Amino acid sequence: MAMRVKTGSSVHIGTLFLFASGTRASQTVVRGNSCTLQRFLSQRVETPGICVFGHKIPDTDAICSAIARAKELQMDGLEATAYRLGDLNAETEYVLSRIGIKAPPLLPDLSAAACQMVAIVDTNNPEELPDDINQANITSIIDHHKLAGLTTPFPIEMDVRPLCSTGSIIYHRLLTKGYPIQPDMATLMLACILSDSLNFRSVTTTPLDEAAARQLATIADVDVHEFGESMLEAKSKTSHMSPKELVMLDSKVYKIHGRKTRISVVETVHSPSVLSRSSEILCTTDEIKKDEKLDDIFFFVVDVAAEQAVLLSKHQADASAISDAFSKAGAKATVSESNGEYHVILPGILSRKKQIIPTLEA
């Protein structure tokens, strides 16, 4: 943008180019006899507060990458604060407690904080963001999901990469910028990778993620295998949860073939403890379907230990359709029936993002 800058009795024309996020891309200011570039910037460029957050029903990547992204922005010289859009799950609580970092404050809506700017991580889906997100001054999105319809009135910084976690992306951003990575931040980003990759079991894992994990573990002085398995154990503690809490623990809404569909998953190394509650879980999915006016709701138990997913359903037609879809995709699905319930067993299926959603959308 062009600016007229008064310096003493004369007027000079200066050009200042800024990224939407507030970071300076390049600056050229024609200076007069009393106005330096530094004084011009200090007088004319303000640094508003940036609210950083991930998606609703936050998982470990959404929380930890928000904290890491806020730190990146602070090292850029900007004011930034991490927030969360929901309660922490057991795995995230374990991670933050282990590191000794406080949970980000809850942001029920954008009016609850002075969000002059917004930096989004781990999603670009408006359905997963505050209801008033369209009123926000969104300046950046760092994500690893497919594009999902969020629009902005102006160009923004976007960094979307096919890595297993947003934490992976932020780690590579910090490397590119040459910023130092402290052990606590290294542990946070490592947790993002281990959580989303299910300790490297998921098909979402890439060689870049594995290399980043090794490097972060060295900085943090953490045993990768021990940390990852401890996180899975923490994630699997669900016996205290109500049926609705289980269904909504890791749940997202999609438009699939024009139908509003909620896909819920529970990732666990103790699948029998979840499967034994199938009756009350399925009653709850019926209630949620009615309350949210959904066309479909599907609940998957992702058995990390057995490396398979199990769909629970009360409807034979749904079970058969899911089984057929995954069989066509090469999953060798099987269906079992007991007491009016159908369990669709899907060997090798662990990822909602890269396996479940693409198969349902095919």
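## The six-stranded sheet

Six strands make up an open sheet here, running in the order 9-10-11-12-14-13 with mixed pairing. Strand 9 and strand 13 (334–338) sit at the edges with a single partner strand each, so one side of each has no neighbour in the sheet. On average, neighbouring strands of this sheet are turned by 25° against each other, ignoring direction. Keep in mind as you read that this is a predicted model.

As background, strands of a sheet pair through backbone hydrogen bonds, either parallel or antiparallel. Which sense do strand 10 and strand 11 use? They pair in the parallel sense, over eight bridges.

## Strands 10 and 11, and a neighbour from helix 7

There is also a side-chain link between these two strands: Asp296 and Arg259 meet in a salt bridge, 2.6 Å from N to O. Asp296 belongs to strand 11 (residues 296–303) and Arg259 to strand 10 (residues 259–268), so the pair ties together parts that are 37 residues apart in sequence. The two partners fall into separate accessibility classes: Asp296 counts as buried at 12% relative accessibility, while Arg259, with a relative accessible area of 37%, is partly exposed.

Elsewhere along the pairing, Thr268 stands opposite Asp303 in strand 11. Thr268 also has a helix residue to consider: its C-alpha atom is separated by 7.7 Å from that of Glu233, although the two residues are 35 apart along the chain. Glu233 is found in helix 7 (residues 224–235) and is partly exposed, with a relative accessible area of 38%.

## Salt bridges and a charged network

How many salt bridges does a search of the whole structure find? The count comes to 20. Some of the charged residues are joined up: Arg69, Glu72, Asp76, Glu157, Asp159, Arg161, Arg173 and Lys177 are linked in a network of salt bridges.

Two pairs from that list are worth a look. Glu72 and Arg69 form a salt bridge, with their closest N and O atoms 3.0 Å apart. They are three residues apart in helix 2 (residues 60–75), which means about one helical turn separates them. Are these two buried or exposed? Glu72 is buried, and Arg69 is buried as well.

The other pair is Asp159 and Arg161, whose side chains meet in a salt bridge at 2.7 Å, N to O. Here Asp159 counts as buried because its relative accessibility is 11%, under the 20% cut-off. Arg161 counts as partly exposed, at 26% relative accessibility.

## The largest pocket

If you're after a cavity-like region to inspect, the volume of the largest pocket is about 890 Å³. Its lining consists of 43 residues, and Glu128, His145, Lys252, Tyr254 and Arg352 are the ones that lie nearest its centre. The elements giving two or more residues to this lining are helix 3 (90–99), helix 5 (183–196), strand 9 (251–256), strand 10 and helix 12 (352–361). Which element gives the most? Helix 12 does, with five residues.

What about the chemistry of the lining? By residue class, the lining of the largest pocket divides into 17 charged, 15 nonpolar and 11 polar residues. There is a link back to the sheet, too: strand 9 and strand 10 are among the contributors to the lining, and both appear in the strand order given at the start.

Technical notes. Residues numbered from 1 in each chain as written. Predicted model: local features only at pLDDT ≥ 70, side-chain atom pairs only at ≥ 80, totals over all residues. Heavy atoms only, no water. Salt bridge = Lys/Arg side-chain N within 4 Å of Asp/Glu carboxyl O. Helix = DSSP H or I, 4+ residues; strand = E, 2+ residues; numbered from the N terminus. Buried < 20%, exposed > 50% of the residue type's maximum accessible area, 1.4 Å probe, protein only. 1 Å grid on protein atoms, 1.4 Å probe; cavity = no way out; pocket = protein on both sides within 12 Å on 5 of 7 lines; lining within 4 Å. Points joined across faces, edges and corners; volume = space filled by probe spheres on them. Nonpolar A, V, L, I, M, F, W, Y, C, P; charged D, E, K, R; others polar. Pairing = 2+ DSSP bridges. Axes fitted to C-alpha atoms, helices over the stretch in contact; angles between N-to-C directions.
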